[in-house]
Each structure stands twice: as structure tokens, then as C-alpha cells.
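Colleague: Please take a close look at one part of this protein: the way its domains meet. Add whatever strand and loop detail you can support.

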Amino acid sequence: MSIQCEVPSFKNNIIVANGDTPTTISGCISPDTIGFTSIFRISAENQAIQDLNHGAVQGISSKFEIDFHNTSVEIIREGAFLDLPQLIRIYFMENELFWISESAFRNLPLLTEVHLEHNKITDVSPRAFNNLPNLTTVSLERNKLENCDQSWFYKTPVLQSLNLGENRLRKIPRAAFINLPSIQRLYLDLNQIEIVDKNAFMGLRNLKRLDLSDNKLKSFEFNFYAPSKLTFVSINNNNITYISDEVLDVIRPQLSELIIVDNPLQCACLEKIIKWSDTFNISVPQWEFEQSGAVCTVPKRKPSQCLERGDDDFEEGFWVSFVRERIHVVK
């Protein structure tokens, strides 16, 4: 057993290196235990592994990736990936992960992507992603996170894509991503987000793609960095009734598509947005309906004006469902 493998992570588990003959591993994965000196891929599927302890995968000097699919891994502990100078990608999808410990991903100088989709993660410790100078992509999609915290990331200067879609987020606080200035793509869709602080996106100077679709937002009044680099924004299927001229003006310079369908927008606001999109050649898709029906809401007071309003200015329950039977999208 390796000196660094005092707590074994594997017990008679089948591991495949380089797509070759499966090897039964106990203890930890290293060139000695796996029987290869040059490794480009380590994979495991349909195994019962549970915990990845300190040094679970160690001492591999070649450029390679790890892919553990449906292996019942529950916890990735500090230093699980040890002395792996050329590890480039990690895939841990459809496992039983619920906790990512501090420094679970640490000192991996060439690591570019970490995919943890479709697990049960409720807790990510501060500095879970630690000293990863080339990390560009992290996906935590389809987990059970109720909060997002930039403290998860430490010394990750080029992180460009962060996917937190399909979790249980309810609130995005002020300056939530301010220590991640390289973020270009931020996915927050399919959560339960009701509140986003106006300054939640403070410091995101390079943000190009923002997806807030399928949440419970009533407002899109955020202070985006100007001049904005946004090219795509999706806020469809929320409870938004109003978008100000100021926000439209800030997001406009490089924007090519704004998705707003399935929101109870005031008719005056929808008309304003469509005119704005025509003027600046920005795609704002609209649904065509098989049967006539409201595609916008009419407030009780001053219906011809696009104003920020409270719920009492609309009919009760106006936001409950704004999805209609569609023929196709008109762009």
C-alpha cells in the first residue's frame, strides 16, 4: 500500500485505465497499482466506492482525465487527488456525492474542468477548489445546493463557466461572484430563486451568458458591469412584469438574444421591449399560440405605461401560470 494511502478508498473495485483491460484495485490508484506507466484516462462505472480519501488517486505524471460514473461516491476528502501535475479533467456524474470538503480539488496545475452533475451535493466547503490556475469550468448542475458561496473558490483566476442550474437556490446575495472576475458563462436556471440582490453580479466584467430561466424572480433590476459584454440573457418562465429602460440600455451593446417568454410582462413593457429589439437588431423570441389569449398583463392603473408596480396593481394570481399551448417560436 502506498505511504500516502493510509486510509484506502478502494476495495476490490474494477478500474479501467486507457480503455484497456479492467483491473481490480484495493487501496489507492497509482501507476504501481494500476499497472500502467503512461495513463491518459482512468474510469470506473457501476461500482461501490463511497469515499475518496487522501491520496485516492496519486502519483500519475502523464496528462490524463478521470471519469467515475455511478460509483456511489459520497464524499471527496481533502487531497483525494494527490501529486497529479497533468490531470486535466474530472468527471463525477451520477454518483451519491453530498459533500465536497476543503481542498478536495487542490494543487492541480493543469486541471481545466470539474463536472459534478447529477449528485446530491448539499454542502461545499470553503476552498474546495483550491489553487487551480487553469480551471475554466465547474458544473454543479442537478444537485441539492441551497446556497452558493464564492468562498468555495480560492486561487482560481481563469474560471470562465459556472453551472449551478437545477439546484435549490432561493437567493443570490450582494457581490456573490466578485472574486470570480473571469466568469463568462453563469447558469442559475431551474432553481427556486426569488431574490437576487441588485449588486449580485458586481465585478463580473467578462460576463457574456447569463441564464436565470425557470425561477421565481419578480425583478430584473440588476446593476450589471458597464460596458456590458453580455451576448445572451435568458429570464424566461419567471414572474417578471417590468424591465426598466436603464437595464435594457446597459445590457444592449453586445447583446444578440434576450429570452423573456412565459413572464407576465405588462403589455406596455412587452411592446417597449419589442420596439427596442427591432431598433437594435436583438432577437427577442415570442410564442405563437394556437388559440388567442393574453400574452401580457394589463395593470389596474395607467395600463398604457410601463412602470415598476406592486402585486396589488394586478389581478390576483396573475403570475401563477403564463405558459400557453404553442405552435412555434417566432424570432
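Modeller: The domain boundary comes first, then strands, then one loop residue.

This is a predicted model, where local features need pLDDT of at least 70, side-chain atom pairs count only at pLDDT 80 or more, and totals for chains, interfaces and linings use all residues. Residues are numbered from 1 along each chain as its sequence is written, and side-chain values use heavy atoms, with hydrogens and water left out.

Domain 1 covers 1-168. Domain 2 is made of 182-189 + 200-322. These bounds come from an automatic or database domain assignment. The C-alpha centres of the two domains are 38 Å apart.

Now the interface. Ten residues of domain 1 are in contact (heavy atoms within 4.5 Å) with eight residues of domain 2. The two domains bury about 800 Å² between them, with 45% of it on carbon and sulfur atoms. Buried area is the accessible area (1.4 Å probe) that two parts lose on being put together, summed over both. On the side of domain 1 that touches domain 2, five residues are nonpolar, four polar and one charged. Here Ala, Val, Leu, Ile, Met, Phe, Trp, Tyr, Cys and Pro count as nonpolar, Asp, Glu, Lys and Arg as charged, and the others, Gly among them, as polar.

Salt bridges between the domains number zero. The criterion is a side-chain nitrogen of Lys or Arg within 4 Å of a carboxyl oxygen of Asp or Glu. Polar contacts do occur: nine residue pairs, both residues at pLDDT 80 or more. Each is a pair of N or O atoms within 3.5 Å; within protein, one must be able to donate a hydrogen and the other to accept it, and residues adjacent in sequence count only if both atoms are side-chain atoms.

Next, strands. They are DSSP runs (E, at least two residues), numbered from the N terminus. Two strands pair if DSSP finds at least two bridges between them. An open sheet runs in the order β11-β14-β16, with parallel pairing. Its edge strands, β11 (105-106) and β16 (153-154), each pair on one side only. Two bridges join β11 to β14 (residues 129-130). Arg106 stands opposite Asn130 in β14.

β1 (residues 10-17) and β2 (residues 23-27) pair antiparallel over four bridges. Ile15 faces Thr23 across that pair. Five residues separate the strands of this hairpin, and Asn18 takes a positive phi near 60°.

Last, the loop. Thr136 lies between β14 and β15 (137-139). Beyond its neighbours within four places in sequence, Thr136 is in contact with Thr112, Val158, Leu159, Gln160 and Ser161.
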